[in-house]
Amino acid sequence: MRYQTVLTIAGSDSGGGAGVQADIKTISACGCYAASAITAVTVQNTLGVTGVHPIPIEILEGQIEAVLSDIGADAIKIGMLHSAQVVETVCRMLQKYPVKNVVLDPVMVSTSGHRLIEESAIQQLMKDLLPMARVITPNIPEAEILLGGMKLERQAELPDAAKQLAESCGTSVLLKAGHLTEDKLVDIFYDAESEQLYELPSVRVYTKNTHGTGCTMSSAFASMLAKGLPLPEAAQAAKAFINEAIVAGAEYEIGHGFGPVKHFYRYW
């Protein structure tokens, strides 16, 4: 017997709602074994990020090496990569230990508006790391940055934007619609391997408990790929997981700002 394993490479959230903490909860809730490599420690709660302490590069590299040389990974989820040096290190380790199922969430700005990546890292991310991913999962502000400043303001613009991102980044794209204002949300998944476009609809849940939704969705996607699901089915399963986690956690009170989703809604 063996576990399906997922390695998350991301920042730590002391508040527990996003980052590595959300990733580990999600991967576990989706039935996989979670390992982690922490890129940075953030001082963070439901009100926002007030500090970021980068992990030394040799320690980050050592974490990834320790996991992949021993446990291995059926999938890798990549989150907060705050500097060009961190991006270069992750690229180097993925070349040394190739993993087919790499899901990259291009984390650039926190829910509370705190910038989480240096400008120099964005160009290296786009040039070197994004093409190594099987899937990227940007939200609208992140997609606008990756598209060179293009504005996305209407649902009808998302399919073309997802296809443009896939062509420019060399990867499949799950473009999240949560920053739009419609009651009906339609995330767009463009499967670059089959050149097929899929709509992933849901009804907007009006709640302040949306902290870590991007981390959660990308970790769920990685988990579904680790379990052997094809890309479209993995995208649909990840969308279902995050939507149900938001619904289940909508009425909870935790902290004084943006609370988390309920990762373990299936169990308690």
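## Cysteines, salt bridges and sheet packing in a predicted model

The structure holds zero disulfides, and this statement, like every other in this report, concerns a predicted model. For C30, the closest cysteine sulfur is that of C32, and the 6.9 Å between the two sulfurs is too far for a bond, because a disulfide calls for sulfur atoms within 2.5 Å. C215 is likewise in no disulfide, the nearest cysteine sulfur being that of C30, 14 Å away. C30 is buried, with a relative accessible area of 2%, and C215 is buried as well, with a value of 13%.

### The sheet and the helices packed on it

Nine strands make up an open sheet of mixed pairing, in the order β3-β2-β1-β4-β5-β6-β7-β8-β9. The edges are taken by β3 (48-54) and β9 (196-203), each of which has a single partner strand, so one side of each is left without a neighbour in the sheet. Within the sheet, strand β1 (residues 5-13) pairs with strand β4 (residues 75-78) in the parallel sense over four bridges, and I9 has I78 of β4 as its bridge partner.

Helix α6 (residues 158-169) packs on this sheet, where it touches β6, β7 (172-175), β8 (184-191) and β9, and the direction of α6 makes about 30° with that of β8. Helix α7 (residues 213-226) also packs on the sheet, touching β1, β4, β5 (102-104), β6, β7 and β8, and the direction of α7 makes about 170° with that of β4.

Helix α1 (residues 19-29) has as its buried residues G19, V20, A22, D23, T26, I27 and A29. The buried residues of α1 pack against the strands β1, β2 (33-45) and β4, and also against the helices α7 and α8 (231-249). After α1 comes G31, a residue whose phi is positive, near 90°.

### Salt bridges

The structure holds 12 salt bridges, and three of them are set out below with the distance between nitrogen and oxygen.

| Salt bridge | N to O distance |
|---|---|
| R92 with E88 | 2.6 Å |
| D128 with K127 | 3.1 Å |
| E144 with K151 | 3.8 Å |

R92 and E88 are four residues apart in helix α3 (residues 84-96), so about one helical turn separates them. Both partners are partly exposed, R92 having a relative accessible area of 30% and E88 a relative accessibility of 33%. This pair does not stand by itself, since E61, E88 and R92 are linked in a network of salt bridges.

In the bridge between D128 and K127, D128 counts as partly exposed at 25% relative accessibility, whereas K127 is exposed, with a relative accessible area of 61%. In the bridge between E144 and K151, E144 is buried, with a relative accessible area of 14%, while K151 counts as exposed at 57% relative accessibility.

### R134 and V135, at the start of β6

R134 lies in the loop between α4 (119-129) and β6 (135-136). Is this arginine buried or exposed? At 13% relative accessibility, R134 counts as buried, because the limit for that class is under 20% relative accessible area. The side chain of R134 makes a polar contact of 2.7 Å with the side chain of N101. Leaving aside neighbours within four places in sequence, the residues in contact with R134 are K100, N101, V102, T171, S172, E193, L225 and L231.

V135 has its place in strand β6 and is buried, with a relative accessible area of 0%. V135 and L104 are 31 residues apart in sequence, yet their C-alpha atoms are 6.3 Å apart in space. When residues up to four places away in sequence are not counted, V135 touches V102, V103, L104, T171, S172, L174, F189, F221, L225 and L231.

The surroundings of these two residues can be read against the packing of the sheet. Residues in contact with R134 include V102, T171, S172, L225 and L231, and V102, T171, S172, L225 and L231 are also among those touched by V135. Helix α7 (residues 213-226) touches β6, among other strands of the sheet, and helix α6 (residues 158-169) touches β6 too.

Terms used:
Residues numbered from 1 in each chain as written. Predicted model: local features only at pLDDT ≥ 70, side-chain atom pairs only at ≥ 80, totals over all residues. Heavy atoms only, no water. Buried < 20%, exposed > 50% of the residue type's maximum accessible area, 1.4 Å probe, protein only. Salt bridge = Lys/Arg side-chain N within 4 Å of Asp/Glu carboxyl O. Helix = DSSP H or I, 4+ residues; strand = E, 2+ residues; numbered from the N terminus. Polar contact = N/O pair within 3.5 Å; in protein donor to acceptor, adjacent residues only side chain to side chain. Contact = heavy atoms within 4.5 Å. Pairing = 2+ DSSP bridges. Axes fitted to C-alpha atoms, helices over the stretch in contact; angles between N-to-C directions.
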